[in-house]
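Here are three short exercises on how helices sit against each other and against the rest of a chain. Have a go at each one before you read its solution.

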Amino acid sequence: MSPRYGDYQLEIYLNGMRGVQPRFPADAATMEHRAAEALPPWVLSYVKSGAGDEGTQRANVEAFSRWGLVPRMMEGAYERDLSTSLFGIELEHPLFLCPIGVLGICSQDFHGDLATARAAARTGVPMVASTLSQDPLEDIAAELGDTPGFFQLYPPNDRDLALSLIRRAEQAGYSALVVTLDTWVTGWRPRDLNTANFPQLRGYCLANYVTDEHFRSRLGGDPEADPMATAALWASVFGYATSWSDLDWIREATSLPIVLKGISHPDDVRKAKDLGVDGVYCSNHGGRQANGGLPALQTLPRVVEAADDEIPVLFDSGVRSGSDMVKALAMGATLVGTGRPYVHALAVGGEDGVVHHLRSFLAEADLLMAIDGYPTLERLRAAGLERVL
């Protein structure tokens with residue numbers, strides 16, 4: 001029997017009857033407001049920033065309000081089954097944690113990657129660990145326990161370094177390799193540019209580089225001895241425009257399933273399938289990298305159609321609630337990721353804050369499916385969504 005995630009609200013109400021008020025808010029907007037009070041201004045600015053006038057970032061969020069479920073009554077939704085599978089891994093639900101490149105510095109102790117991994121372990125929510133982490137990928141994997149972890153790779157222009165990172169991820173026990181395609185060069189982000197704010201150039205979230213033997217050999221010394229040289233080397237190797245031909249050496253480097261992140265066009269999905277890619281990740285990087293594009297939710301149906309049930313489709317961008325997650329699932333996404341909302345929860349409450357956020361997300365999704373009469377993800381997807389007039 002699938003867990004009754006919606007019962008989390010009963011815990012909150014029962015605690016209230018005992019005089020115990022919730023430590024953390026149940027809605028994303030209040031959590032974001034509290035995170036703004038908790039984070040240093042330079043970290044908050046980086047978390048909030050989007051490309052250009054941040055129009056695509058806003059459009060990602062607003063797109064969800066233009067779609068709605070049609071309730072079905074007397075459909076036997078007393079018990080809900082949110083379970084799914086990915087690459088042979090059985091999952092109790094379709095929620096995952098998106099990779100966040102400054103996650104490490106968003107907790108009060110500057111070890112946010114580890115706190116998030118522990119929260120993932122407590123909730124069974126898979127985590128996609130970023131290349132840009134404050135702690136090494138091996139330490140993050142160790143905190144995940146039995147919960148699946150995926151490693152997100154920003155392919156560097158040094159192939160030996162890429163191969164080293166891939167090998168480390170496989171040896172650490174990650175279950176898939178997520179290759180990000182839309183960040184080989186940083187987008188134009190005025191919010192960051194106006195304060196010359198780029199945390200990685202200040203040495204933050206480079207743990208996977210400074211602990212890598214190949215990177216250290218190129219540096220020719222102790223990364224802590226010359227932080228400027230370390231940041232300069234990182235900047236020189238970061239940017240690489242991945243091409244379809246690169247899939248040959250990536251596939252040769254690992255037996256892990258390969259997911260391509262940043263896919264929005266159906267032709268790219270079909271090309272990925274032809275080349276043996278194991279999954280696609282529909283995302284526009286939350287609007288951080290490129291302004292002027294379509295909301296990711298608008299591109300999702302065509303991505304799902306092109307995938308044609310042959311490969312899974314992961315999705316993120318603009319997801320702010322369990323209801324948003326359900327809508328993306330109804331459009332055919334296999335798994336749906338939470339991004340900025342869990343960063344805000346991490347800033348407010350560390351590990352416990354992220355656990356609360358994930359349980360709240362799942363509770364809202366579970367209750368929505370119960371009330372609207374969808375006992376399974378299959379029934380939800382079969383019903384689909386309708387445009388809001």
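**Exercise 1.** Work out how helix H7 (residues 159-172) and helix H12 (residues 246-253) are oriented to each other in this predicted model.

*Solution.* Start with the axes: those of H7 and H12 come within 10 Å and cross at roughly 40°. Angles under 35 degrees count as roughly parallel, and 65 to 115 as roughly perpendicular. The crossing angle fits neither range, so H7 is oblique to H12. As for handedness, H7 passes H12 in a right-handed crossing.

Next, look at who touches whom. H7 brings Arg159, Ala162, Leu163, Ile166 and Glu170, while H12 brings Asp246, Trp249 and Ala253. Sort these by class and you get five nonpolar, no polar and three charged residues.

**Exercise 2.** Now do the same for helix H5 (residues 112-123) and helix H6 (residues 137-144).

*Solution.* The axes of H5 and H6 are 7 Å apart, and the packing angle is about 25°. The two helices are therefore roughly parallel to each other. H5 passes H6 in a right-handed crossing.

On the H5 side you'll find Asp113, Leu114, Ala117, Arg118, Ala120 and Ala121; they meet Asp139, Ile140, Glu143 and Leu144 of H6. That contact splits into six nonpolar, no polar and four charged residues.

**Exercise 3.** Which residues of helix H4 (residues 55-62) are buried, and what covers them?

*Solution.* Thr56, Gln57, Ala59 and Asn60 are the buried ones. They cover an arc of only 165° around the axis, so they lie on the same side of H4. Their cover includes helix H3 (41-48), helix H14 (296-307) and helix H16 (340-372).

Terms used:
Residues are numbered from 1 along each chain as its sequence is written. This is a predicted model: local features need pLDDT of at least 70, side-chain atom pairs count only at pLDDT 80 or more; totals for chains, interfaces and linings use all residues. Side-chain values use heavy atoms; hydrogens and water are left out. Axes are lines fitted to C-alpha atoms, for helices over the stretch in contact, and angles run from 0 to 180 degrees between N-to-C directions. Helices (H or I, at least four residues) and strands (E, at least two) are DSSP runs, numbered from the N terminus. Angles under 35 degrees count as roughly parallel, over 145 as roughly antiparallel, 65 to 115 as roughly perpendicular and the rest as oblique. A crossing is left-handed if the near helix is turned anticlockwise from the far one by less than a right angle, and right-handed if clockwise. Contact means heavy atoms within 4.5 Å. Ala, Val, Leu, Ile, Met, Phe, Trp, Tyr, Cys and Pro count as nonpolar, Asp, Glu, Lys and Arg as charged, and the others, Gly among them, as polar. Buried means under 20% relative accessible area, exposed over 50%, partly exposed in between (1.4 Å probe, protein chains only). The arc is that of the directions from the helix axis to the C-beta atoms.
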